[in-house]
Amino acid sequence: MPSSQVLPAFNMVQALNSALKEEMARNPDVVVMGEDVGRDGGVFRVTEGLYDAFGPQRVIDTPLSESGIVGMAIGMAAHGLVPVVEIQFMGFIYPAFDQLVTNAARIRARSRGRFSCPIVVRTPYGAGVKAIELHSESTEALFSHIPGLKVVVPSTPYTAKGLLVSAIRDPDPVIFLEPTRLYRMIKEELPAEEYAIPLGKARNAKEGNAVTIISWGSMLHRALKAAEPYDADVLDLLTLSPYDEGAVLASVKKTGRVVIVQEAPKSCGFASEISACIAEKAILHLRAPVMRVAAFDVVLPFARLEEYYMPGIKNIREAIEETLRY
Amino acid sequence: MPETVLDTFEIKRLDILDARGNADPALMPPLGGAEIKKMYEYLAIARTFDDRALSMQREGRIGTYASIRGQEASQVGSALAFDKKDLIFPSYRESGVFIARDYPLHMLFQFWSGDERGMKVPGDINIFPICISVSTHLPHAAGAAAAAVYKKEKTAVAAYFGDGATSKGDFHEGMNLAGVFNAPAVFICQNNQYAISMPRSRQTAAKTIAQKAVAYGFKGIQVDGNDVFAVYRATKEAVENAKAGGGPTLIECYTYRLSDHTTADDASRYRSREEVEYWLARDPIARLRLYMEKQGLSGGKYEEEVREKAESLVDDGIKKMEETGPAEPQDMFTYTYQGPTARLSAQIRSFSPGAV
């Protein structure tokens, strides 16, 4: 952490909250909006205290209206504001998918730069919290496929804060996916001074030479755990769109062996994009086929079977062993 | 316990100018002769533009076009009720709105010829680019209106859409949000009786579209959409009410799409000649012409001058569009993000226009 001055340990919820608080204090055009984000402070408490600090004009409790909320944010952004939208769970974002794909991603192009859409859409995502149906999916690939959107997935309190600051300052629409399982799992000290982590840059979470492991979000932690006994280079992508192709290829050229770990179902997931890119640009550096460790291509089961669905440490280790043996 | 009546509603319809050119003096908005002439001239440009766009499509000089024929009063009459700084969110059948906002005609032709540069809205014109996706721009209007309040501006925001849009979810969400936030928004529905082939009765079982506003907690009114004075008056009142903090209004302009849905449609498959003739007799421009003759606003060579001016403006627009030529192929990379991503930069470097 590039800092001498540190704040006491923050979990991811608190880190996100402090990013919102600081950006709202810095820029009066930043507003927070969504269901239960005001008085209630958000169902996960990410917006706690903002309503009292900034008032109902800037911390806007909206009707239960996902498409309308994102549509409204697009209109507010067109008229000079910087809305940070909270969608309560990723499973409820699909009514707003139309607004994101049809409008947010295209306003800049449609107007040839006269209007833009500097919105952030934050949403909790991913499994592992024993929630009910539609509260656990990870459909980041849907959004990463859309030109005009950016997609960010933090993995720690430190990256959550620094990336959210950058997302808010970014001139284009950013889908900011917060791994629900990590909200309170990890605590770490944060720099006391302002900092931002640039979008589009991967983080090297563990240095090694024998195998590259690529992951993001909550799976990054399982990948790190799985990688402990190995001389593994573990990349935390942090931004999926645009992702850090340079960092991926550099690591692949160093190790020649790749395991990509994603929580989402295997087919047409984001791991497939990385795998294809490696095949196109670094195939002669490979000493083993690229392995994808992913969930099954099934409708996500309810809480009691959830762990059987998600890639576990054992699955990741098997893939590492297989690629090392090849 | 007896049941109690919690609420009742009534929906009004405003008519000022009839098809024979007689206006109700008690309802006439305060428009001077020069302003009425200006209205008429915009209507004439809109009709001329529309006629030429249809023939240019047939000649292969532009692509598919959505005609506004019959809806000119709904568009020009409402658009002229907004101030220059007010922001308009249009749908795709809105040539008259663009024209009344002094949008460069060559850019409208560019848009319909498949050149996106036509939607690079000039900095001094406050209109959003055309929203092709039906009804998704209604929440944008609610948001821009809420932002105007946040910025303490006296700005009204309009969304233009058709009767078909009122069946969509974003109509509900946009209207509902505007009501909840008391946003200075004016929702202008041109009920032209058809969504491609589907008649208005297939969009809603409600008696009017105007009454839908009641459920969102604000005023709805139906106006004769072929009566430029009624449209102007209702819109002006809605704009003033919005700017005074009175919240949104829904205006249903009851009108008729005289042409096909687009140049790719054939309306004779689903509606009768008699029906079209009924509406041809209620032409919005002809009745204003009659009114102006009766009021002595259009003597001498006026009519001829208006026609010549409209034709020359439209001709200039076509000439300028056709002289401009297509954009450089690399242009398509420019506006996806504010700056190109690393991958886009690589794609730009490897892009070879000669390969097409």
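Which strands of chain B does helix H5 (residues 138-150) lie across? In this predicted model, helix H5 of chain B lies across S2, strand S3 (157-162) and strand S4 (185-191) of chain B, and its direction runs at about 170° to S3(B).

These three strands belong to an open sheet of six strands, whose order is S1-S7-S8-S4-S3-S2 in chain B and whose pairing is parallel. At its edges stand strand S1 (12-14) and strand S2 (87-89) of chain B, each of which pairs on one side only, and from one strand to the next the twist averages 25°. At the S1 edge, S1(B) and strand S7 (residues 219-224) of chain B run parallel and are joined by three bridges; within this pairing, B:Lys12 has B:Ile221 in S7(B) as its bridge partner. Chain B as a whole is divided into domain 1, covering 12-325, and domain 2, covering 328-356, and the C-alpha centres of these two domains of chain B lie 37 Å apart.

Chain A also contains an open sheet, here of seven strands in the order S3-S2-S4-S5-S7-S6-S12, with mixed pairing. Because strand S3 (59-61) and strand S12 (239-241) of chain A stand at the edges with a single partner strand each, one side of each is left without a neighbour in the sheet. The twist in this sheet of chain A averages 20° from one strand to the next. The partner of S3(A) is strand S2 (residues 30-34) of chain A, and the two pair in the parallel sense over three bridges, with A:Met33 standing opposite A:Ile60 in S3(A). Helix H3 (residues 66-78) of chain A packs on the sheet, where it touches S2, strand S4 (82-86) and strand S5 (120-125) of chain A, and its direction makes about 170° with that of S4(A).

The two chains meet through 35 residues of chain A that are in contact with 35 residues of chain B. On the chain A side, H3, helix H4 (94-104), helix H5 (107-110) and helix H9 (245-255) each supply at least two residues, and the largest share, nine residues, comes from H3(A). By class, this side of chain A has twelve nonpolar, 16 polar and seven charged residues.

Helix H4 of chain A also has buried residues, namely A:Ala96, A:Gln99, A:Leu100, A:Asn103 and A:Ala104. They cover an arc of only 110° around the axis, and therefore lie on the same side of H4(A). What covers these buried residues of H4(A) includes H3 and H5 of chain A.

Note on methods:
Residues are numbered from 1 along each chain as its sequence is written. Chains are lettered from A and ligands numbered from 1 in the order in which they are written. This is a predicted model: local features need pLDDT of at least 70, side-chain atom pairs count only at pLDDT 80 or more; totals for chains, interfaces and linings use all residues. Domain bounds come from an automatic or database domain assignment. Two strands pair if DSSP finds at least two bridges between them. Helices (H or I, at least four residues) and strands (E, at least two) are DSSP runs, numbered from the N terminus. Axes are lines fitted to C-alpha atoms, for helices over the stretch in contact, and angles run from 0 to 180 degrees between N-to-C directions. Two residues are in contact if their C-beta atoms, placed from the backbone, lie within 7 Å. Ala, Val, Leu, Ile, Met, Phe, Trp, Tyr, Cys and Pro count as nonpolar, Asp, Glu, Lys and Arg as charged, and the others, Gly among them, as polar. A residue is buried if 20 or more other C-beta atoms lie within 10 Å of its own, exposed if 12 or fewer, and partly exposed in between; C-beta atoms are placed from the backbone. The arc is that of the directions from the helix axis to the C-beta atoms.
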